[in-house]
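Visitor: Could you pick one part of this structure and walk me through it slowly? I'd like to see how the pieces around it fit together.

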Amino acid sequence: MRALLFKLSAKRLFNNQSSLRFFCNTVSDVVIHPSAIVHPNAVLGQGVSIGPFCTVGSSVKLRNGCRLHPGSHVFGNTQLGERCVLMTGAIVGDEIPGRTVLGCNNVIGHHAVVGVKCQDMKYKSGDECFLDVGDNNEIREYASIHRSSKSSDTTVIGNNNLIMGSCHIAHDCKVGNNVILANNTLLAGHVVVEDYAHTAGAVVVHQFCHIGSFTFIGGGSVIAQDVPKYMMVAGERAQLRGLNLEGLRRHGFTVAEIRSLRTAYQKIFMPADANSSGFEARLAEVELHDKLAHIPAVCSMVQSIRDSFREKRRGICKFRHWNSS
């Protein structure tokens, strides 16, 4: 019975099974399992391999060397760059207006869902929505990445990222390069994650928050405000816990740079007398310091803090006042 239903559905999709056989035979080095459903209008590059029970829609483009493992599916206006791999159960793209584009050498894990309609109630049926993914990303099992919520925006994933199992990246997020999101990290809509940020497991990030570059977020944290560059936060309502010193060392920051960042951090967040001056005055003191003001990393950190207090931003995670007593 199942075999009969499969044949009927294939006939409905193609209206002519001979067109599928012709298409397969005219593409060099392409391997398509007989049980796969590949629309004759799909564009397949050289060396593409499509396994059993896969589906490839009419507007799909698979570049050279793409591999679809059994039971994986590509729908809608979707383009996969060279040497992309879809593991069993993976779904990329959706039959809605807009586009999903993946660069080269991306791995989409088992039962991951990438480039489907967002979960934003403001999305209007029929609106175009977009997802752009760069190169060399590993998106592990059961992760989900949604398209944008409106035609004027795009969900963006950069290059060389590791998105571990069961992570969620919602509509209109912007994830940079070399980011690590550990298992069950959940990004709400419009979140920005800058390069080399790293989350531990079970992290939740509120919509519109910014996660600065080279930051580390401790496991189980709830991020309700921005995390400035180079910092480490943790907690059910995350608080600043100092600089991400280990991360800075691993990524080649010099001893002098780290020392300068520590000095600046202490002046801003750990004044000897918490009542001596306000937060704005302490920021200005670092900006005018005869040595710190000339260290690019320090200037970048201070600017990251200031940017978090601009209009429509959420401010930075809370910090504790420490003093010499």
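Guide: Sure, let's look at the sheet and what packs on it, keeping in mind that this is a predicted model. The sheet is an open one of 12 strands, in the order 1-4-7-10-13-16-19-22-25-28-30-31, and its pairing is mixed. At the edges sit strand 1 (31-32) and strand 31, each of which pairs on one side only. Now zoom in on one pair: strand 16 (residues 138-139) and strand 19 (residues 162-163) run parallel and are joined by 2 bridges. Here Ile139 stands opposite Ile163 in strand 19. Helix 4 packs on the sheet too, where it touches strand 30 and strand 31, and its direction makes about 150° with that of strand 31.

Next, follow helix 4 (255-269) to its neighbour: the buried residues of helix 5 pack against helix 4 and also against helix 6 (296-307). Which residues of helix 5 are buried? In helix 5 (residues 279-288), they are Arg282, Leu283 and Val286. Looking down the axis of helix 5, you'd find these buried residues within an arc of 100°, so they line one face of the helix. That fits a handy rule: an α-helix has 3.6 residues a turn, so residues three or four places apart point the same way.

Finally, there's the largest nonpolar core, with 74 residues; Ile50, Leu62 and Ile223 have the most contacts inside it. Elements that each supply at least two residues of this core include strand 30 (231-234), strand 31 (239-243), helix 4, helix 5 and helix 6. Helix 4 gives the most, with 6 residues. As for Ile50, its contacts include Val31 and Ile32, along with Leu62.

Terms used. Residues numbered from 1 in each chain as written. Predicted model: local features only at pLDDT ≥ 70, side-chain atom pairs only at ≥ 80, totals over all residues. Heavy atoms only, no water. Buried < 20%, exposed > 50% of the residue type's maximum accessible area, 1.4 Å probe, protein only. Helix = DSSP H or I, 4+ residues; strand = E, 2+ residues; numbered from the N terminus. Arc of directions from axis to C-beta. Contact = heavy atoms within 4.5 Å. Core = buried A, V, L, I, M, F, W, Y, C linked by side-chain atoms within 4.5 Å. Pairing = 2+ DSSP bridges. Axes fitted to C-alpha atoms, helices over the stretch in contact; angles between N-to-C directions.
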